[in-house]
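Me: Got a model open here and I'd like to talk it through with you. Mind if I just fire off questions as they come?

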Amino acid sequence: MTASVLTDYLLPLCLACIMFGIGLSLTLSDFSRLIKKPGCVLTGLAGQIIVMPVIAIACAALAITLAGLSPAMAMGIVLLAACPGGTMSNLMSHLLRADTALSVTLTALSTLICIITTPLLIGLGYTLFSPSSTQAISVAGITTGLLLMALFPVALGMTMRHLTPLQATRLEPGFQRFSLIFLGLLIVGMVVREWSLLINSGFMLIGLALLLSLLTSLCGWFSGRAGRLTLTIRRTLCIEVGIQNAALAMVIALSILEQPELAVFPGLYGIIMYLCPALICLASGRDYQASAAKERPRSLETNP
């Protein structure tokens with residue numbers, strides 16, 4: 001199998017299957033929560049669309065200044081931050097007793113909005129860290145790729161969920177497993193291809209991934225605390241801001257931008273990103289019963 005067949009057809013097709021699986025988990029009511037509970041949803045979206053990229057750009061700039069991080073690695077950080085959340089954040093929310101419904105809503109909305117935000121953030125990243133490459137970047141090309149690989153498959157999955165809900169529910173776990181396997185294979189392929197780069201700068205990149213994950217997860221947590229939101233919603237914001245769709249970032253790097261080195265940081269982040277949100281949520285576990293008892297009478301609609 002030639003590299004062009006892999007990057008031009010197979011990887012986008014696999015990603016489209018993953019996004020179709022996301023669509024299977026979504027209903028129109030997931031989008032309606034933006035109207036019913038705007039405070040929680042807007043706080044989460046701001047964390048994903050604004051806070052995550054700002055922290056990522058700051059980390060990349062700091063690493064360039066202090067450690068001589070290459071422009072390609074800096075762009076990989078920005079690319080990761082430009083992508084929406086994925087289905088793994090929904091699973092994490094369920095496992096860590098967060099608000100899974102809110103998590104699904106944030107995944108749905110961030111996936112929809114990424115058609116606009118992802119190309120703009122990628123363009124900003126090139127302007128800041130690799131201005132000589134800016135002319136080669138096609139915003140229209142990135143947007144078209146996202147439409148074909150992300151938005152249309154999600155819409156098809158939602159349509160199937162609406163028309164045949166029982167069948168969609170049965171298929172959803174299989175697509176979640178496929179998503180995890182696909183991300184794992186992408187990471188293995190990235191490690192093999194970029195082994196020499198990882199040997200030279202792997203520890204620095206792992207440190208940056210941990211720092212980015214920690215800072216974004218904490219920002220999600222404390223934004224909920226500042227808004228006096230419930231414990232379950234704070235956990236959700238922690239998870240949603242800290243966890244990104246690393247598979248989408250890697251496929252964009254390989255198939256749309258055609259710069260494999262940009263996939264290195266998203267691949268590392270895809271391994272590390274679960275640690276910090278899990279630790280933060282588990283650290284709040286000792287207060288879970290008391291907080292839940294206090295919060296139970298409160299409805300989400302009362303949150304700002």
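Me: What's the sign of phi at Gly68, the residue that follows H3?
Reply: Positive, near 70°, at Gly68 right after H3. Keep in mind that this is a predicted model.

Me: OK, and H3 itself, how many residues does it have?
Reply: H3 has 30 residues, running from 38 to 67. From first C-alpha to last it reaches 41 Å, close to the 44 Å expected at 1.5 Å a residue.

Me: Where is the kink in H3 centred?
Reply: On Gly47, and the kink is about 35°.

Me: Which other helix has a positive phi after it? I'm looking at Glu258.
Reply: That one is H11: Glu258 follows it, with phi near 55°.

Me: While we're on H11, is it mostly covered or mostly open?
Reply: Mostly covered. H11 spans residues 246–256, and ten of its eleven residues are buried. Among them are Leu248, Met250, Val251, Ile252 and Leu254, and the buried set also includes Ser255.

Me: Switching topic: how many aromatic pairs does the structure hold?
Reply: Three. One of them is Phe178 with Phe182, which is stacked, at 6.1 Å centre to centre and 20° between the planes.

Me: Where do Phe178 and Phe182 sit in the helix?
Reply: Both are in H8, which covers residues 165–193, and they are four residues apart, so about one helical turn separates them. An α-helix has 3.6 residues a turn, so residues three or four places apart point the same way.

Me: And Phe182, buried or exposed?
Reply: Buried, at 6% relative accessibility. Its partner Phe178 is partly exposed, with a relative accessible area of 29%.

Me: Zooming out, how many helices and strands are there in the protein?
Reply: There are 14 helices and zero strands. The radius of gyration is 19 Å, close to the 19 Å the globule rule gives for 304 residues, so the protein is as compact as a globular protein of that length.

Me: What box do the C-alpha atoms fill?
Reply: Roughly 55 × 50 × 30 Å along the principal axes. Of the 304 residues, 54% count as buried.

Me: What share of the contacts joins residues at least 24 apart?
Reply: It's 84%, counted among contacts between residues at least 6 apart in sequence.

Me: Last one: how much of the accessible surface belongs to carbon and sulfur atoms?
Reply: 70%, out of a total of about 13400 Å².

Terms used. Residues numbered from 1 in each chain as written. Predicted model: local features only at pLDDT ≥ 70, side-chain atom pairs only at ≥ 80, totals over all residues. Heavy atoms only, no water. Helix = DSSP H or I, 4+ residues; strand = E, 2+ residues; numbered from the N terminus. Expected span 1.5 Å × (residues − 1). Bend = angle between axes of the 7 residues up to and from the residue. Rg over C-alpha atoms; globule rule 2.2 N^0.38 Å. Buried < 20%, exposed > 50% of the residue type's maximum accessible area, 1.4 Å probe, protein only. Contact = heavy atoms within 4.5 Å. Areas by Shrake-Rupley, 256 points an atom, 1.4 Å probe, with all protein chains shown as cover. Phe/Tyr/Trp six-rings, centres within 6.5 Å; stacked < 30°, edge-to-face > 60°.
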